Amino acid sequence: MNFHVLTLFPEMIESGFHTSITGRALENGTIALDTINIRDYSTNKHMRVDDYPYGGGAGMVMQAEPVHRAYQELCEKNAGKPMRVIYLTPQGRVFTQSIAEELAKEEELVFLCGHYEGIDERALELIVTDFISIGDYVLTGGELPALVMMDAIARLVPQVLNNKESAEFDSFHDNLLEYPQYTRPEEYMGRRVPEVLLSGHHAKIEEWRRQQSLIRTRERRPDLLENNPYLTEKDKKYLKDTM
Ligand code: ADE
């Protein structure tokens, strides 16, 4: 998977992504990161990339030309290969695990990060394929949302996680929240690890974990249980019996 990020703050993307699990995956070549500084494509002698909004109003707007030129050069480097171009904006559809799964199948992904009051609409019309928000709140720019999305996507790319970090039983697997986890010691501040987890009985542990996922999802995210196609008859019975 090759991530390309068009941004005015490449160092923010580089430092965020070159850390921890994504950093390891970059080093061993499982994924690649290419940050492109939009400012390098300014044609203005002061390297400006923004200007006042037509019609008036607060703040500055990023100009279409540097964004478009940066994208065109990227397309040339990629020999015209078709690429999804994601613009991070509170006006997009809200990012979910299933969007991450869909995007993890792509070979190339381009993230376009805006700043200030956003980007001239004409650049967006010319290059963007997907408008995505990471939630109903407003941030100062698209860099943190791009990092959030890239992290969620990268960990689904085969070989990025090792066996111990497997994504198989994550929260949102089967549209449910993950069961609680415990590690040593067996007792902490008078609270014991649930006995079943010490039993070595794998079938019982699996059943307990499923039940905990169901209870936790009902308590914290009941919306995920509505029309959840992954619930088995046994799950439904358990939920009914514990009402
Ligand atoms: N840019 C500013 N706020 C944002 C958000 N919530 N999601 C994506 N991009 C953004």
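Q: If buried means under 20% relative accessible area, exposed over 50% and partly exposed in between (1.4 Å probe, protein chains only), which residues of α7 are buried?
A: This is a predicted model, in which local features need pLDDT of at least 70 and side-chain atom pairs count only at pLDDT 80 or more, while totals for chains, interfaces and linings use all residues. Residues are numbered from 1 along each chain as its sequence is written, and side-chain values use heavy atoms, with hydrogens and water left out. Helices (H or I, at least four residues) and strands (E, at least two) are DSSP runs, numbered from the N terminus. In α7, which runs over residues 202-220, the buried residues are Ile205, Trp208, Ser213, Leu214 and Thr217.

Q: How far does helix α7 reach from its first C-alpha to its last?
A: The expected span of a helix is 1.5 Å times one less than its number of residues. For the 19 residues of α7 this gives 27 Å, and the reach in the model is close to that, at 26 Å.

Q: How far apart are the end C-alpha atoms of helix α3, and which residue takes a positive phi just after α3?
A: Helix α3 (residues 64-77) has 14 residues, so at 1.5 Å a residue it should span 20 Å, and the separation of its end C-alpha atoms agrees with this, at 20 Å. Just after α3, a positive phi of about 50 degrees is taken by Ala79.

Q: Which elements are included in what covers the buried residues of α3?
A: The buried residues of α3 are Ala64, Pro66, Val67, Ala70, Tyr71, Leu74 and Cys75. Their cover includes β1, β2, β4 (61-62), β5, β6 (108-112) and α5 (121-127).

Q: Is Ile38 buried or exposed, and which residues of α3 does Ile38 touch?
A: Ile38 is placed in the loop between β2 (32-37) and β3 (50-51), and because its relative accessibility is 1%, Ile38 counts as buried. Contact means heavy atoms within 4.5 Å, and, leaving aside residues up to four places away in sequence, Ile38 touches residues including Leu6, Val49 and Leu112. From the buried residues of α3, its contacts include Pro66 and Val67.

Q: Which residue lies around the ligand and is found in strand β5 (residues 84-94)?
A: A residue is near a molecule if one of its heavy atoms lies within 4 Å of it, and the residues around the ligand include Leu88, Ile132 and Val138. Also among them is a residue that counts as buried because its relative accessibility is 10%, and that touches Phe131, Ile132 and Ser133, not counting residues up to four places away in sequence. The residue in strand β5 is Thr89.

Q: What part of the accessible area that the ligand has on its own does the protein cover?
A: A polar contact is a pair of N or O atoms within 3.5 Å; a nitrogen atom of the ligand is 3.1 Å from a polar backbone atom of Gly135, and a nitrogen atom of the ligand is 2.8 Å from one of Tyr137. A backbone N or O atom of Leu139 lies 3.0 Å from a nitrogen atom of the ligand. Of the 260 Å² that the ligand has on its own (Shrake-Rupley method, 1.4 Å probe), the protein covers 95%.

Q: What is the angle between the planes of Phe3 and Phe17?
A: The structure holds 3 aromatic pairs, where rings of Phe, Tyr and Trp (its six-membered ring) pair if their centres lie within 6.5 Å, with planes under 30 degrees apart counted as stacked, over 60 as edge-to-face and the rest as tilted. Phe3 in strand β1 and Phe17 in helix α1 are 14 residues apart, and both are buried. Their pair is edge-to-face, with 5.4 Å from centre to centre and an angle between the planes of 85 degrees.

Definitions and conventions. A polar contact is a pair of N or O atoms within 3.5 Å; within protein, one must be able to donate a hydrogen and the other to accept it, and residues adjacent in sequence count only if both atoms are side-chain atoms.
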